[in-house]
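Dear colleague,

I am passing this structure on to you, and below it you will find my notes on what was found. Please read them with the structure open beside you.

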Amino acid sequence: MDERKKIQREMGQTDMDHDPVEAAEGVKRQALALGADSVGIGSIDRWKDAPTQMDPRQIMPECKSIIAMAFRVMRGSMRGIEEGTYFSNYSAMGYGGITYLYMPMTVINLCKYIEDRGYEAVPMGHQSDWRSVDAWYSEGGGRLKPDFSRPVAPGRAAPDVMIHLRFASYLCGLGEIGYSYMLLTPEFGPRNRLGVILTDVELAPDPIYDGPQLCNRCMACVKDCPTGAISGEETVKVDLAGNEVEFAKIDCDACNKGFRGAEKADCELPEDRQYMSEDTRPGWWSPFYKKPKNLYNTGQAVGGARGCTRACMIQLEKRGVLRNKFKDEFRRRKPWKVDWSSEPQYPQDVAMPGESVYGDGRKTDAGDDVD
Ligand code: SF4
Ligand code: SF4
């Protein structure tokens with residue numbers, strides 16, 4: 001007979017059954033160990049006035065607790081855009097890669113911790129492409145998308161319900177909703193991606209964030225947004241668990257183009273001058289002739305969130321209100337702008353298309369990989 005001990009995943013632990021405080025501490029320790037940068041818990045009663053299409057109880061009627069986790073965008077992932085030379089890192093490592101790779105692993109593994117103990121856990125990241133509503137609250141969102149989906153039965157929401165990740169994070173105590181409509185955390189300011197878990201285990205909730213004031217209405221986000229997407233005058237107010245939260249009205253169309261580096265053209269452009277559609281050209285905040293392809297599905301943030309993230313972070317760091325402190329300031333040189341009306345100046349040592357990179361007269365072929 002084989003005497004080797006069978007090694008298998010432990011299940012059936014009862015350490016979440018009795019004390020919600022202890023259970024919450026266990027979940028939060030586990031979340032941090034699995035790679036979340038901050039974690040908070042909200043009780044389901046905080047969603048009692050949520051619109052049906054954003055109500056967690058529509059997904060899990062027995063939901064008792066919501067766990068929100070913030071995953072930091074590395075400040076270094078924004079360095080290349082800040083210097084104007086390396087744009088893909090923010091879109092890959094700071095955006096799509098976190099959203100579609102790193103965060104789901106942590107969220108799923110934390111769900112395993114909960115389900116190993118006999119409670120159900122819904123792992124949620126940023127899978128909102130199937131949502132049935134226009135999610136932009138700041139534009140009076142929440143409207144059903146036409147001809148998209150229908151409720152399966154009376155009393156049910158139309159699929160898919162969408163949990164508002166920023167509001168959920170606020171309701172779990174992770175931070176404030178800034179004027180820019182970004183979630184600001186006391187650790188990283190606006191540098192976060194967010195994941196959420198719905199579960200039927202009772203966990204002691206965290207208070208709504210009441211720490212040092214983060215957003216001081218400095219308006220740096222408004223000033224530095226290249227498309228004017230963040231209104232400096234018009235605001236939106238929402239009630240989140242009895243708290244009035246006010247933020248800027250966002251011009252979603254402007255942001256949708258602008259975050260990809262596109263500027264709206266006044267007229268229809270010929271194909272060779274189109275950036276991503278017939279009415280867009282590259283803005284002064286993009287060095288690309290055409291919008292580069294997405295990285296990790298959603299990564300196409302060519303603009304490096306110039307206003308809502310970089311400008312905001314710079315202000316918050318200057319005020320010393322963030323816990324993630326750095327030896328040096330983020331902005332070290334004068335911000336650049338691409339002058340699309342001038343001819344580009346390339347480095348002396350760069351091989352132009354068709355020129356040799358081998359030093360022996362051989363010409364590179366189109367598509368040659370020279371790395
Ligand atoms: S840049 Fe200023 S006004 Fe805008 S969200 Fe940040 S702290 Fe608030
Ligand atoms: S992502 Fe860019 S365009 Fe959109 S609000 Fe932020 S700074 Fe403005």
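Which element gives the most to the shell around ligand 2? That element is H8, with 3 residues, where helices (H or I, at least four residues) and strands (E, at least two) are DSSP runs, numbered from the N terminus.

Please bear in mind that this is a predicted model, in which local features need pLDDT of at least 70 and side-chain atom pairs count only at pLDDT 80 or more, while totals for chains, interfaces and linings use all residues. Residues are numbered from 1 along each chain as its sequence is written, and chains are lettered from A and ligands numbered from 1 in the order in which they are written.

The residues around ligand 2 (near meaning a C-beta atom, placed from the backbone, within 6 Å) include Cys 225, Cys 255, Arg 306 and Cys 308, and helix H7 (252-258), like H8, supplies at least two residues of this shell.

Around ligand 1 there are 13 residues, with Gly 178, Cys 215, Cys 218, Cys 221 and Cys 312 the closest. Helix H6 (220-224) and helix H8 (306-319) are the elements that give two or more residues to that shell, and H8 gives the most here, with 3 residues.

Turning to the strands, E6 (residues 192-199) has 8 of its 8 residues buried, that is, with 20 or more other C-beta atoms within 10 Å of their own, C-beta atoms being placed from the backbone. Strand E6 pairs (at least two DSSP bridges between two strands) in the antiparallel sense with E2 (residues 65-72) over 8 bridges, and with E3 (residues 121-124), also antiparallel, over 4 bridges. Thr 199 in E6 is the bridge partner of Ser 65 and of Ala 121.

With best wishes

Methods:
A residue is buried if 20 or more other C-beta atoms lie within 10 Å of its own, exposed if 12 or fewer, and partly exposed in between; C-beta atoms are placed from the backbone.
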